[in-house]
Number of protein chains: 4
Amino acid sequence: MSLPAEFHEIAKRVNNWGRWGADDEIGTLNLITDEVVREAAATVGTGRRIPLALPLKHDGVQSGMIPGRVNPLHAMVQINQELFGPGTVACSDDAVTMGLQAGTHWDALTHVSHSGKLYNGRPADTVTAHGGAEFAGIDKARHIVSRGVLLDVARALHKDRLDGSYAVTPEDLEAAEDLAGTRVRAGDVVLVRTGQVQVYLAGDRERYGYPSPGLSVRTPEWFHARDVAAVANDTLTFEIFPPEIEDLWLPVHALDLVEMGMLQGQNWNLEELSTACGETGRYAFLLSAMPEPFVGGTGTPVAPVAVL
Amino acid sequence: MSLPAEFHEIAKRVNNWGRWGADDEIGTLNLITDEVVREAAATVGTGRRIPLALPLKHDGVQSGMIPGRVNPLHAMVQINQELFGPGTVACSDDAVTMGLQAGTHWDALTHVSHSGKLYNGRPADTVTAHGGAEFAGIDKARHIVSRGVLLDVARALHKDRLDGSYAVTPEDLEAAEDLAGTRVRAGDVVLVRTGQVQVYLAGDRERYGYPSPGLSVRTPEWFHARDVAAVANDTLTFEIFPPEIEDLWLPVHALDLVEMGMLQGQNWNLEELSTACGETGRYAFLLSAMPEPFVGGTGTPVAPVAVL
Amino acid sequence: MSLPAEFHEIAKRVNNWGRWGADDEIGTLNLITDEVVREAAATVGTGRRIPLALPLKHDGVQSGMIPGRVNPLHAMVQINQELFGPGTVACSDDAVTMGLQAGTHWDALTHVSHSGKLYNGRPADTVTAHGGAEFAGIDKARHIVSRGVLLDVARALHKDRLDGSYAVTPEDLEAAEDLAGTRVRAGDVVLVRTGQVQVYLAGDRERYGYPSPGLSVRTPEWFHARDVAAVANDTLTFEIFPPEIEDLWLPVHALDLVEMGMLQGQNWNLEELSTACGETGRYAFLLSAMPEPFVGGTGTPVAPVAVL
Amino acid sequence: MSLPAEFHEIAKRVNNWGRWGADDEIGTLNLITDEVVREAAATVGTGRRIPLALPLKHDGVQSGMIPGRVNPLHAMVQINQELFGPGTVACSDDAVTMGLQAGTHWDALTHVSHSGKLYNGRPADTVTAHGGAEFAGIDKARHIVSRGVLLDVARALHKDRLDGSYAVTPEDLEAAEDLAGTRVRAGDVVLVRTGQVQVYLAGDRERYGYPSPGLSVRTPEWFHARDVAAVANDTLTFEIFPPEIEDLWLPVHALDLVEMGMLQGQNWNLEELSTACGETGRYAFLLSAMPEPFVGGTGTPVAPVAVL
């Protein structure tokens with residue numbers, strides 16, 4: 001079995017290997033220039049801040065469908081411990097074990113490989129248990145502040161949320177652009193809302209993951225044409241489950257991460273943001289979504305914030 | 001043994017219990033109004049982004065001095081695994097175990113208690129192993145974007161870094177304000193640079209923690225007078241080690257977190273920021289330092305970014 | 001709400017506080033004398049060894065019913081890593097995160113408290129996040145080798161497995177003794193087979209835990225009368241779920257662990273042992289079930305072995 | 001760089017690939033027959049039990065020398081929690097994160113590979129992050145009860161402990177046999193005492209690991225000739241550090257585990273056992289050292305016990 005010809009055709013068209021040099025480890029994040037950030041800061045209107053992360057907790061979004069990706073286990077190592085003697089100031093301290101991609105997260109460019117290759121043509125086997133992703137680990141992606149644009153596809157299609165297994169197309173993205181009243185441009189971080197996170201918020205972890213709407217295999221070309229810096233959505237895996245093309249699993253991951261070198265975000269809660277943008281009619285904002293710099297990480301929890 | 005009268009005198013003067021209501025869980029973060037954020041966005045000049053987090057790795061800043069606070073252990077649960085069959089897109093996934101306050105972090109208001117009380121007068125025993133800090137856990141502090149001001153005390157005192165056990169005083173903070181050319185005001189997040197993190201960066205974890213410069217027990221009143229929203233610095237424990245007043249350990253924690261309800265940050269790398277501010281002469285900027293929303297967490301890793 | 005009078009009546013009758021001194025931390029394990037061990041060794045007939053632990057894996061017995069008790073997460077930190085240079089001997093190493101009571105385990109005497117007390121009358125608050133169970137932690141229980149006796153209640157009652165919520169009574173234990181052809185005596189470790197583990201082995205984790213047969217609140221007196229050293233069974237919680245007496249949860253834990261100071265084991269796989277004992281008609285054997293000496297642990301994984 | 005000819009010469013002489021079939025996953029553990037176990041049980045004299053595991057705790061033997069092999073982090077998830085309502089029986093529960101080879105442990109046969117091969121000629125890349133060691137993981141080695149023989153080399157050489165970097169030779173093993181008054185025979189588990197663990201017990205973790213006495217590259221042939229089932233000692237790495245032959249690291253691992261298929265144990269505390277054997281003059285006993293059945297584990301903590 002191998003990836004179909006159709007996949008390889010698209011791959012050629014969106015490939016960015018070498019575009020920022022043979023040693024580049026951050027891909028389309030290169031498109032976030034200082035100028036883009038200045039313009040992003042200029043979008044701030046009211047000063048309202050909307051956090052986009054789901055709470056990190058043991059009954060988080062992971063249902064066991066993705067092997068080894070565990071919800072956070074929070075445990076205490078100190079509780080009001082008077083470390084310096086009775087009557088002194090008392091400390092509480094905690095430890096956590098979690099999958100780096102268990103909650104609201106960024107994939108690193110090296111989260112997936114295909115045909116033995118990572119982004120920029122590096123061999124897949126540079127990811128090791130010893131060092132993790134020594135090339136293009138998430139610790140390299142340290143500057144994610146840019147203009148954010150909410151493409152509220154659910155709202156544009158007059159839905160509370162898209163149906164399970166709905167394929168979001170480039171046409172849908174453009175309908176959402178029309179709603180937003182802005183064009184997506186180079187360096188933007190695009191947030192695509194399907195409304196699927198409502199299923200999790202309503203308490204159904206299983207159905208949140210499957211079936212799920214997601215981004216069509218046709219969208220990477222659109223993001224490539226617009227020179228988007230990164231894309232996040234409000235689903236468990238970013239993609240359509242079950243897949244759009246039979247037996248072709250995770251094609252968008254392979255195109256976005258490996259071919260284009262474009263970071264993807266998942267499990268972002270875009271509900272409050274959707275309401276706020278709907279009220280004001282303004283869908284562009286300053287977005288800060290800094291990765292935690294886990295050395296060699298193939299992903300990271302992130303606590304994004306939109307400043308409107 | 002109990003806390004000295006001197007401590008209780010200061011505590012009275014900085015106490016904010018009830019100021020934002022009996023049920024308030026975020027303390028001085030209430031001071032970050034939308035207006036403060038608008039003004040913060042307006043400080044953005046060049047659009048340059050400077051990340052302030054230290055890399056998260058197994059040989060991080062923790063030396064074992066603080067019991068149970070472990071550096072991140074990064075381990076792989078998938079490496080280029082073709083989960084959907086041979087020749088399909090391959091996934092890498094990782095898991096981490098770490099102390100929530102192991103690296104660059106925010107303390108939650110409930111990280112310490114004294115005299116059996118937490119911030120806002122809540123009983124200390126509301127922190128449990130079962131739920132962590134159900135009151136005023138770090139998950140409540142979800143909006144930390146504001147104006148950041150670097151008070152570069154080391155530079156103001158013409159030092160590369162302050163001496164071990166140096167006590168940063170209100171007068172030092174004002175000298176750094178003079179250097180910065182701005183006054184700290186309500187809602188600001190203040191970053192106090194001692195230069196101590198250089199010791200860690202040079203490879204000496206033990207001496208990074210001890211002896212260490214830190215903030216004098218006299219500083220909480222100054223932060224209170226200015227209505228600062230949060231304070232972070234570039235040391236392991238925020239405070240002077242060994243302590244400024246014999247046998248009085250962590251007094252600043254007790255005053256800032258418990259009495260004032262003001263978040264503290266530690267292990268922030270302010271070196272690159274110091275250089276950048278020194279070059280431009282501008283020490284105020286937009287700061288985003290969003291906590292990861294660990295439910296019940298008494299602290300959180302944070303990946304702060306200054307946008308200049 | 002408090003524990004009913006009926007509970008306190010039984011508690012008085014089985015209480016062993018002070019029996020081995022006010023500072024004793026191992027309770028009925030004191031009953032395993034050298035003589036008992038010599039006799040246990042003398043029971044070895046064929047030399048056949050039967051392991052009694054369930055595999056430790058991510059899809060282990062925990063279903064989420066018991067908060068914070070996580071199945072093992074196994075992750076790699078080295079895979080065939082040539083740590084000493086190319087072409088050298090290559091190492092693989094792994095790390096695990098798990099609840100100490102997640103699989104086949106022993107409870108420590110301090111796993112439960114009631115009315116503010118632990119075994120031997122110690123205050124419950126001697127268990128802390130800082131040190132775990134400093135009194136009577138599982139690290140103190142380091143010598144569990146004795147005569148093992150399988151009381152195969154399911155077989156004695158001519159069942160494959162007991163019904164969910166069946167209460168194993170002292171009379172059932174005596175019927176199993178008759179089947180075994182031996183009397184339980186001082187220092188024995190008794191293994192009570194319900195057959196319930198078959199539900200887990202057949203793939204139904206939820207129903208393994210609930211409803212479940214278990215030991216009646218009347219059994220502690222029987223174990224006390226026989227001076228048993230420890231008891232283990234093949235269920236998730238040892239007890240009947242839902243409980244035998246309405247709203248009285250975990251009474252047997254409170255009686256066995258707190259009052260009697262007798263260790264309990266859960267999730268022991270007694271199926272192969274049952275078959276072997278049934279074939280030979282011999283139900284007594286040498287049992288080794290050494291706790292892993294986790295300092296301050298309130299439980300421990302154990303890999304018991306019966307030597308027939 | 002590759003392994004020297006000398007290594008390959010020895011490898012040929014001790015190789016057991018195919019000896020127990022092409023699919024065998026337990027190697028020399030096959031030598032522990034029921035008859036061996038019967039004889040082991042017959043060695044029990046006094047009934048005294050001596051545990052051989054070091055306490056599992058955060059300041060355990062790992063000093064950071066071995067990357068990723070972390071001492072246990074013990075944390076609480078419940079402390080006297082009245083899960084079923086106020087006044088009910090209260091539960092304490094804990095979780096742990098640790099390297100499987102962090103303390104007193106067994107190596108799985110797959111802990112090391114050389115020249116791309118594991119025991120029985122299997123490809124090294126059958127160890128994956130997804131499943132760990134699917135071939136010959138520690139979960140396969142589930143019956144380690146046998147005759148134990150203490151070869152007290154330190155005592156035989158009239159030393160408290162052997163010097164750092166001392167190479168224990170076959171001649172030393174035979175001197176210890178003379179002291180023991182027994183011959184090592186097929187199926188025995190041999191415990192080789194160097195006394196090195198005293199360095200750790202005295203508080204010096206660094207020097208415990210390096211320099212360290214260990215087993216000479218000449219010993220695998222001796223163990224092979226005697227058809228030993230497994231060997232453990234009281235050092236951090238089993239081997240001599242720095243190595244006996246310059247630049248030849250871990251040769252004994254490669255010979256014992258890969259070529260011979262013989263399990264190795266490390267960090268066993270043989271001090272109390274040495275004293276007991278010295279007093280009675282009897283160095284053979286029943287040994288139970290059951291691995292925890294971590295599925296895919298390349299090692300496991302073990303709590304061995306000698307029954308004298």
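These legends accompany four close-up views of a predicted model.

**View 1. Strand E14 of chain A with its two partner strands.** Let us begin inside chain A, where strand E14 covers residues 284–288. Five of its five residues are buried, so E14(A) is largely enclosed by the rest of the structure. Strand E8 of chain A, residues 145–152, runs antiparallel to E14(A) and is joined to it by five bridges. Strand E16 of chain A, residues 305–307, also pairs with E14(A) in the antiparallel sense, here over three bridges. A good residue to look for is A:Ser288: it is the bridge partner of A:Val145, and it stands opposite A:Val305 in E16(A).

**View 2. Chains A and B about their rotation axis.** A turn of 180 degrees, with a shift of 0.0 Å along the axis, lays chain B on chain A with an RMSD of 0.0 Å. The two copies are thus related as by a two-fold rotation axis. To find your way to the axis from chain B, look for B:Thr97, whose C-alpha comes closest to it of the residues of that chain, at 2.1 Å. Of the interface residues of chain B, 100% are also interface residues in chain A, so the copies meet through the same surface.

**View 3. Where chain C touches chain A.** Here 14 residues of chain C are in contact with 14 residues of chain A. The size of an interface is often given as the accessible area lost when the parts come together. For chain C and chain A, the buried area is about 1,100 Å², and carbon and sulfur atoms give 65% of it. On the chain C side, the residues that lose the most area to chain A are C:Leu73, C:Ala129 and C:His130, which together make up 43% of what that side buries. Strand E2 of chain C, residues 73–81, gives the most to this side, with six residues. Between the two chains there are four residue pairs in polar contact, both residues at pLDDT 80 or more, while the count of salt bridges is zero.

**View 4. The surroundings of D:Gln81.** Our last stop is in chain D, where D:Gln81 lies in strand E2, residues 73–81. Is D:Gln81 buried or exposed? Its relative accessible area is 19%, and buried means under 20%, so D:Gln81 counts as buried. Apart from its neighbours within four places in sequence, D:Gln81 is in contact with D:Val89, D:Ala90 and D:Cys91 of chain D, and with B:Thr128 and B:His130 of chain B.

Note on methods:
Residues are numbered from 1 along each chain as its sequence is written. Chains are lettered from A and ligands numbered from 1 in the order in which they are written. This is a predicted model: local features need pLDDT of at least 70, side-chain atom pairs count only at pLDDT 80 or more; totals for chains, interfaces and linings use all residues. Side-chain values use heavy atoms; hydrogens and water are left out. Helices (H or I, at least four residues) and strands (E, at least two) are DSSP runs, numbered from the N terminus. Buried means under 20% relative accessible area, exposed over 50%, partly exposed in between (1.4 Å probe, protein chains only). Contact means heavy atoms within 4.5 Å. Copies are superposed by least squares on the C-alpha atoms of residues with pLDDT of at least 70 in both. Two strands pair if DSSP finds at least two bridges between them. Buried area is the accessible area (1.4 Å probe) that two parts lose on being put together, summed over both. A salt bridge is a side-chain nitrogen of Lys or Arg within 4 Å of a carboxyl oxygen of Asp or Glu. A polar contact is a pair of N or O atoms within 3.5 Å; within protein, one must be able to donate a hydrogen and the other to accept it, and residues adjacent in sequence count only if both atoms are side-chain atoms.
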